[in-house]
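Here are a few short exercises to work through with the coordinates open. Try each task before reading its solution.

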Amino acid sequence: IERERALMARKQREEEDRLLSEAKADAELLKKEVLAVGDATEQAEVDRMEKELIECNRAIMTRKQREEEDRLLVEAKTESELLKKEVLAVGDATEQAEVDRMEKELIECNRAIMTRKQREEE
């Protein structure tokens, strides 16, 4: 009976040891799975943050591009206004030169008329 009890106790210990080893192995697998899930979750978070960063960079680049386009548009408008003023100034100068030439011709015509009338009177 003692041997039988010892044998049963040994078998029970072996069974407990086997179950303990299985539990340890299961715990290790579970730990690895939890770490893998944690890594995957962490990687998903990193991916999400990278995506947000890329979107922010795109938004910044778009804003900078719009600001540059607006700046260039303002420069173009300013240059256009300056050019318009220069053209008007040149046009005014040309027009004034034409007026001066016509006045000179008118004066010469009046002199010729006066000279002719003077001769007729003489």
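Before starting, one cut-off: a salt bridge here is a side-chain nitrogen of Lys or Arg within 4 Å of a carboxyl oxygen of Asp or Glu. Keep in mind that this is a predicted model.

**Exercise 1. The E52 and R48 pair**

Task: decide whether the side chains of E52 and R48 meet in a salt bridge or stay apart, and work out how they are placed along the helix.

Solution:
- Step 1: check the N to O distance, which is 2.3 Å for E52 and R48. The cut-off is 4 Å, so the pair counts as a salt bridge.
- Step 2: look at the spacing. E52 and R48 sit 4 residues apart in helix 1, so about one helical turn separates them.
- Step 3: look at the exposure. E52 has a relative accessible area of 40%, which makes it partly exposed, and R48 is partly exposed too, at 38%.

**Exercise 2. Two more pairs in helix 1**

Task: find the N to O distance for R10 with E14 and for R18 with E15, then describe the setting of each pair.

Solution:
- Step 1: R10 and E14 form a salt bridge at 3.5 Å. Both belong to helix 1, which covers residues 2-121, and they are 4 residues apart, about one turn.
- Step 2: R10 is partly exposed at 43% relative accessible area, and E14 is partly exposed at 45%.
- Step 3: R18 and E15 form a salt bridge at 2.4 Å. They lie 3 residues apart in helix 1, again about one turn.
- Step 4: R18 comes out at 39% relative accessibility, partly exposed, while E15 comes out at 34%, also partly exposed.
- Step 5: follow the contacts onward. E15, R18 and E22 are linked in a network of salt bridges.
- Step 6: for the whole model, the count is 12 salt bridges.

**Exercise 3. The overall shape**

Task: compare the radius of gyration of the protein with that of a compact globule of 122 residues.

Solution:
- Step 1: list the elements. The protein has 1 helix and 0 strands.
- Step 2: a compact globule of 122 residues would be near 14 Å, but this protein has 52 Å.
- Step 3: check the box. Along the principal axes, the C-alpha atoms fill roughly 175 × 10 × 5 Å.
- Step 4: check burial. Buried residues make up 0% of the 122 residues.
- Step 5: check the surface. About 11,800 Å² is exposed, with carbon and sulfur atoms supplying 58% of it.

**Exercise 4. Charge placement**

Task: how many positive and negative charges does the protein have, and how far apart are their mean positions?

Solution: there are 25 positive and 35 negative charges, and their mean positions are 5 Å apart.

How values were computed: Residues numbered from 1 in each chain as written. Predicted model: local features only at pLDDT ≥ 70, side-chain atom pairs only at ≥ 80, totals over all residues. Heavy atoms only, no water. Helix = DSSP H or I, 4+ residues; strand = E, 2+ residues; numbered from the N terminus. Buried < 20%, exposed > 50% of the residue type's maximum accessible area, 1.4 Å probe, protein only. Rg over C-alpha atoms; globule rule 2.2 N^0.38 Å. Areas by Shrake-Rupley, 256 points an atom, 1.4 Å probe, with all protein chains shown as cover. Lys, Arg positive; Asp, Glu negative; His and termini not counted. Charge placed at Lys NZ, Arg CZ, Asp CG, Glu CD.
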